[in-house]
Every structure is written in structure tokens, then in C-alpha cells.
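Trainee: Got a minute to go through this one with me? I'd like to start with the cysteines.
Mentor: Sure, pull it up.

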Amino acid sequence: MPLEAGLLEILACPACHSPLDDRTAADSPELVCTGTDCGLAYPVRDGIPVLLVDEARRPA
């Protein structure tokens, strides 16, 4: 289930405040930080973004 465009426009990375990119796939929905030094990937569970740094996946 993709996020609404209006919602995505107001969401930001809680760590660096950069915009988030919706990289939602069927098997692993997530929002990825677009900041060059950050890149954290936040999970989306049941259509709700979990914007907690402790829950984010670190970039590889």
C-alpha cells in the first residue's frame, strides 16, 4: 500500500531532517533518507511509517 503523496511531502528523517524517498516494495516497505551522510531506511508497518532511529536499518 503506497503512502499518500501529501504525507510523503511533510515527512522527514528524524535523524538529519532530510526528505524521505518511498522505496516501498511488496516484501519490504520502507522510507529511505535522501541525506548524503545518513541514508537510514525506516520500515512501514501496516501502512504506517515507523520513524524511530532505533528501528531504522543502517545503510550497507
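Mentor: This is a predicted model. Take Cys38: beyond four places in sequence, Cys38 touches Cys13, Ala15, Cys16, Cys33 and Pro59.

Trainee: How many disulfides does the structure hold?
Mentor: Zero.

Trainee: Why is there no bond between Cys13 and Cys38?
Mentor: Because the sulfur of Cys13 is 3.7 Å from that of Cys38, its closest cysteine sulfur, which is too far for a bond. A disulfide needs the two sulfurs within 2.5 Å. From the other side, Cys38 is in no disulfide either, and its nearest cysteine sulfur is that of Cys13.

Trainee: Is Cys13 buried or exposed?
Mentor: Buried, at a relative accessible area of 0%.

Trainee: And Cys38, buried or not buried?
Mentor: Cys38 counts as buried because its relative accessibility is 17%, and the cut-off is under 20%.

Trainee: Which residues make up the largest nonpolar core?
Mentor: Eleven residues. Among them are Cys13, Cys33 and Cys38. Leu3, Leu11, Leu20, Leu31 and Leu40 are in there too. Tyr42, Val44 and Ala56 complete the set.

Trainee: Which strands supply at least two residues of this core?
Mentor: β2 (30–33) and β3 (41–45) each do.

Trainee: Switching topic. Where does Pro49 lie?
Mentor: In strand β4, residues 48–49.

Trainee: What is Pro49 in contact with, past its sequence neighbours?
Mentor: Leu3, Leu11, Leu31, Pro43 and Val44, leaving aside anything within four places. Leu3, Leu11, Leu31 and Val44 are also among the core residues.

Trainee: How far apart are Pro49 and Pro29?
Mentor: 9.1 Å, C-alpha to C-alpha. In sequence they are 20 residues apart.

Notes:
Residues numbered from 1 in each chain as written. Predicted model: local features only at pLDDT ≥ 70, side-chain atom pairs only at ≥ 80, totals over all residues. Heavy atoms only, no water. Buried < 20%, exposed > 50% of the residue type's maximum accessible area, 1.4 Å probe, protein only. Core = buried A, V, L, I, M, F, W, Y, C linked by side-chain atoms within 4.5 Å. Helix = DSSP H or I, 4+ residues; strand = E, 2+ residues; numbered from the N terminus. Contact = heavy atoms within 4.5 Å.
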